[in-house]
Structure formats: structure tokens, C-alpha cells
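Colleague: Could you take me through one part of this model close up? I'd like the annotated binding site, with whatever context helps.

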Amino acid sequence: MSAWVLPDHIADVLPSEARHIEELRRELLDTARGYGCELVMPPLLEHLESLLTGTGETLDLQTFKLVDQLSGRLLGLRADSTPQVARIDAHLLNRQGVTRLCYCGPVLHTRPDRPHATREPLQFGAEIYGHAGLEADLEALSLALDCLRATQVSDFTVDMADARIVHALLEGGATDPHRLADIHAALAAKDAGTLAGLTRHLPAGSRAALGQLLDLYGGPEVLDQAERVLPDVPAIRQALASMRWLAGHLQDTRISFDLADLRGYAYYTGVRFGIYVPGVSDALVRGGRYDEVGAVFGRNRPAVGFSLDLKELVGVASKRPLKAAIRAPWGEQADLRAAVGRLRAQGETVVCVLPGHESVVDEFHCDRELVRQDSDWVVRGL
């Protein structure tokens, strides 16, 4: 095998796509800052127990592990930044009021999480800590939608579920983590046969209600149907009311519901959402409420947020036009070098043509050139 062949589902990002990704990154961070989010940069690797405690088996299986040559302790390369940001809120900032944080950086997955996906997503996300009310859920969802709009993605559908419904239906039935993960997978796949086998130890009422969830997907009528067929218990009533309230505040947005969809990591505790766009096989954005994620760090703060992969977003976001550049000759003359410096200081891209490369075509579109006119260097159109 050639030494330069990369591992499966790992790829270089070449100039045109890299430029587009960087433009999107700046737009997303600027949008998050407009909501009052502060940027944090957690490390790429941590001690494994800090990185994974309380996050569930799914994240554990997605995490690369290695031994620290300094301490001999086991380290993990992050597969998701949310637990890290929770640690920053709990231990490093330790604020009493509301904290809004955002981040953008690579994560690594042991396996692609969907067909043709990269194992090195560039994850952008935003989190709100310290407020348990639905106002924070709405703000997180609104920010996610505004991030897509900022990147000129407008054809999307918001799909909602709530982790409390399945939690309430499973309450009292001793279910180990492996079986619970299998139940979630069967619900998401709408696999009635597998679900029946996995839940045969549960009370008849719980089994029947879990089976009903498989058909509870579609438009707003799903919430009315759920009120009729699901058990009348406080957690389920609250979950349905929360989704109804959030949907009512999203004007001019396509909304659907899939009450059996619990895909993703195990730390979600309330309303969850996925944002779908044409051309992407799964949700482009996933988020929701995860109030328990900070408990392992000693501060059980309310938390809600979302994340997306910029490498996936770049495939559906409109490309920005290239910023026009200025072509300049290469030379050692002080006045030429000063003229190039002034243009770059003004924000212009100036591409100096090195000797012997006058016909080279590169990433930049040069619509002007720097030429000597009398005793001055001036810019003229091509």
C-alpha cells in the first residue's frame, strides 16, 4: 500500500472546499456571538474517565483510545464536544447564572456514523447552561435555525421528539444499558418484532405504549394522537406540552414529530430535535436538552444545545463567490513591495507572480493587476 493512502473515511480538504468551510465557520461563530455565546476551545484529547463518564455506550464505542506516554493513563480522542463543554461550565467557569458557550473543532469517530460519512467531522455547536425553562430550549433551536439561514440553507424541516416519553414508559422495568440501547435502536428503526422481543419483560401497559410509539410520527396531529393513546402520566403530559409550546413559537417553519426517534447519545433528558435538509440522509443538526450531562462533574446544571458537522453542511450550503484578487509582478523594488503591502493592509488579496509562472492558474480569481504607470504603481482592471 502506498504511504500516502489515508485511512478509510478520512480525507484531505482541498483549497476550494476548505475556503468554503472556513467561510461557513466564521458565519456560524458570528451568528452564535450575536446570541451572546462565548467561544471555548476544549482539548482534542482528555483522560478517558473525564471524557466518557455518564455519556453512555454509544459515545464510548465511537471514541479512539490511547495510552499517555507521560502518565501511563488511558486517554480518549473526543468523539463529541458536548461533555467537554459541560466540564468547562461546571469546573472552570463555575458561574451561577446563565452561561452561553459555543465551539468549533474536529472530533474523531472510530466508525462513520452513517454511510459515506467522514470519521473526522468538524463539529460546531452551542450550549446554554443554567436555565431549566423552555425559553432556553427555544433559544437553542432558534439559534440553530438562524445558523442555517446565515449559511443560506433555507429548505429545512424541524423534527421533534422527547426523551422523557420513553423514559416514563420504561420506568420500573429493570433494563440494562445494552438492552436499553437496543430498544432505542428498534424504536428508531420502527422494528416492531425486535421491539416486542426486547420488551417482553415489561408490564403489558408499557409494552403496548412502546408499540404505539412506532406509529406516532407525522405532523402536529401526532401530539393529539399521543395524548389519546399514551398513558396519562405527568412526564408524558409535560413532554407533549413542551413540544406543542416550542412548535407554536416557530413561525414559517416546517415541523414534524417522531416520538420514537431517540438516535444519538444517551445524555438527552428532554425535548430533542433534528433538522433535516434535502440531500442529507440523516439530520444535519441534532440537539436538545441534556440536564444531567454536568452531574458527573459535580454541578448538575440545566443544559440545552445543538451541534452539526461543517463538512456535511458545506455539501448543502450555497457557495460564496470568490473574492476578486489583484495580480502583481514579483520584484525587489522597494516601491513595488510597498505598494503590495499597502493593498494587503487594505484587505485586498494580492497574488505575486513568481518568475517563470506567469501562466499558472490557482484558486484566486484576479480581475485586476498592479502595473507601473509613470513613476507610480497603480491598479487597473484586466
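Modeller: Let me fix one term before anything else: a polar contact is a pair of N or O atoms within 3.5 Å, where within protein one atom must be able to donate a hydrogen and the other to accept it, and residues adjacent in sequence count only if both atoms are side-chain atoms. Bear in mind that this is a predicted model, so local features need pLDDT of at least 70 and side-chain atom pairs count only at pLDDT 80 or more, while totals for chains, interfaces and linings use all residues. Residues are numbered from 1 along each chain as its sequence is written, and side-chain values use heavy atoms, with hydrogens and water left out.

The site itself comes from UniProt: an unreviewed entry has a "binding site" annotation covering Asp-80, Ser-81, Thr-82, Gln-123, Glu-127, Arg-263, Tyr-267 and Tyr-268. Positions there are given in the numbering used here, feature names are shortened, and annotations may be inferred rather than shown by experiment.

Start with Glu-127, which sits in strand S6 (residues 122-129); strands (E, at least two residues) and helices (H or I, at least four) are DSSP runs, numbered from the N terminus. Glu-127 has 0% relative accessibility, so it counts as buried; that word means under 20% relative accessible area, with exposed over 50% and partly exposed in between (1.4 Å probe, protein chains only). The side chain of Glu-127 makes a polar contact of 3.5 Å with that of Thr-82, another residue in the annotation. Contact in the plain sense means heavy atoms within 4.5 Å. Leaving out residues up to four places away in sequence, the residues Glu-127 touches include Thr-82, Arg-100, Tyr-103, Tyr-290 and Phe-306.

Now Ser-81, in the loop between strand S4 (74-77) and helix H4 (82-93). Ser-81 is buried too, at a relative accessible area of 1%. Beyond its neighbours within four places in sequence, Ser-81 is in contact with Tyr-103, Val-107 and Gln-123. Gln-123 is itself one of the annotated residues, and Tyr-103 also turns up among the residues that Glu-127 touches.

For context, the protein has 13 helices and 16 strands, and its C-alpha trace spans about 90 × 55 × 50 Å along the principal axes. Buried residues make up 46% of the 382 residues, and Ser-81 and Glu-127 both belong to that group. Of the contacts with a separation of 6 or more, 67% come from residues 24 or more positions apart.
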